[in-house]
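Visitor: I am new to protein structures. Could you walk me through this one and explain the words you use?

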Amino acid sequence: MVQIPAPNVSAAAQAVFLKKHASIIAATVDRLLQEKGAYDHFGDQAERILSIGFEFTTSTLEACMAVNNADLFLEQLRWSQDRLPHDGVQVDQMAKGLDVYCVVIGELLPAAYAVEIIGMLNQVRAAQAAESPY
Amino acid sequence: MNYPTPEEGLSAIRKSYLAALQQGSGRQADQVVEDSLDQGLTANQLYMDVFQPTAYEIGRLWQRNLFTVAQEHLATAIIERQMGQLRAYFKPRVSRNRTLVLGSVTQELHRVGVRMVADFFEQDGWTVYYLGATTPASSFVGLARDVHADMIGISVQMVYHLPHIAGVIQEMERCGLGGLPVIVGGMPFIQQPELYRSFNVRFSAPNAEQAVAQANDIFLEG
């Protein structure tokens, strides 16, 4: 199993991320909903469902940064890949969602802090890709 | 004639138990428990080798969409009810003059695991204050202070609730209970046995039996 080095996201970066928690989720969801047709199958629940998903992502990321442990986030990504297709979110949509999430972090956080957090996310995603049989 | 090994016997019990829960049949699940006790299985074994692995298996099956939310809730309710019915088996065997306050952190709704731990400590002679799910940090610490607890036990199942452990520790320090030993448990600590080192706690344990053994070791160490 892949082991990811401890990410060491600074306390300052974590504090800013926590402060921007709600706006990161809102901006990510807003941007994803602009993608024509991608979430039509959720009907008028699309915004609520995506918001719940990114609330989970953001809270989990905060916890993993707080305990300086990227492997926990990887475990949650594995879980999501198993579960979310049954909830109407396909694996490629998850990947796209995380791409957008990283872009939003880059836009809403000061560059130095964004680099730390996106670096951690990229490490986890690379580890997950290395595990994937596809 | 081939007789089943103990592990094969347990595996068969787990299968029957899971099937009963999947059907939402409390009576069928009761029958599995009664038959198991008749066959000589102890209540402790039922907790450790049937209830706990079955609860985790149900979580895995839900993850793969093979169990509905309703089935999962029903199964949990059946397990909790049966634990209540088995409580007589967890009468203290000895008296240890030690007190434990334990529960799940605030917002954490899972409580079956920590309740199992509570019963094992009680059987081991500890005085146990089991707070159940979603316990505010101030309640953990306030009760621990009031009952002169010797240890606090904290359970977390969802990764995003992990930071609440730090909240309890901070509240303990604020109230002058910073020296009290703390133990932690739950799925993140099973997945990563060394994770407890990220917090100012003594240890984590993957199950109720080991939690009791390790807690007693702390007092043996003096």
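Guide: Gladly! Axes are lines fitted to C-alpha atoms, for helices over the stretch in contact, and angles run from 0 to 180 degrees between N-to-C directions. Helices are DSSP runs (H or I) of at least four residues, and strands are runs (E) of at least two, numbered from the N terminus. This is a predicted model, where local features need pLDDT of at least 70 and side-chain atom pairs count only at pLDDT 80 or more, while totals for chains, interfaces and linings use all residues. Residues are numbered from 1 along each chain as its sequence is written, chains are lettered from A and ligands numbered from 1 in the order written, and side-chain values use heavy atoms, without hydrogens and water.

Visitor: What makes helix 1 of chain B roughly antiparallel to helix 2 of chain B?

Guide: Helix 1 (residues 6–22) of chain B packs against helix 2 of chain B at about 160°, with the axes 8 Å apart. Angles under 35 degrees count as roughly parallel, over 145 as roughly antiparallel, 65 to 115 as roughly perpendicular and the rest as oblique. The angle therefore makes the two helices roughly antiparallel.

Visitor: Why is helix 2 of chain B called oblique to helix 4 of chain B?

Guide: Helix 2 (residues 26–38) and helix 4 (residues 69–85) of chain B pack at about 45°, their axes 11 Å apart. That angle is in none of the named ranges, so helix 2 of chain B is oblique to helix 4 of chain B.

Visitor: Which residues of helix 2 of chain B make the contact with helix 4 of chain B?

Guide: They are B:Gly26, B:Ala29, B:Asp30 and B:Val33, and helix 4 of chain B brings B:Ile78, B:Arg81, B:Gln82 and B:Gln85. Contact means heavy atoms within 4.5 Å.

Visitor: How do you know that A:Asp82 forms a salt bridge with B:Arg64?

Guide: A salt bridge is a side-chain nitrogen of Lys or Arg within 4 Å of a carboxyl oxygen of Asp or Glu. The closest N and O atoms of A:Asp82 and B:Arg64 are 3.1 Å apart, so the pair qualifies. Between chain B and chain A the count is one salt bridge.

Visitor: What makes A:Glu35 and A:Lys96 a salt bridge?

Guide: Their closest N and O atoms are 3.4 Å apart, so this pair also fits the rule. The pair links distant parts of the chain: A:Glu35 is in the loop between helix 2 (21–33) and helix 3 (46–66) of chain A, and A:Lys96 is in helix 5 (residues 91–108) of chain A, 61 residues apart.
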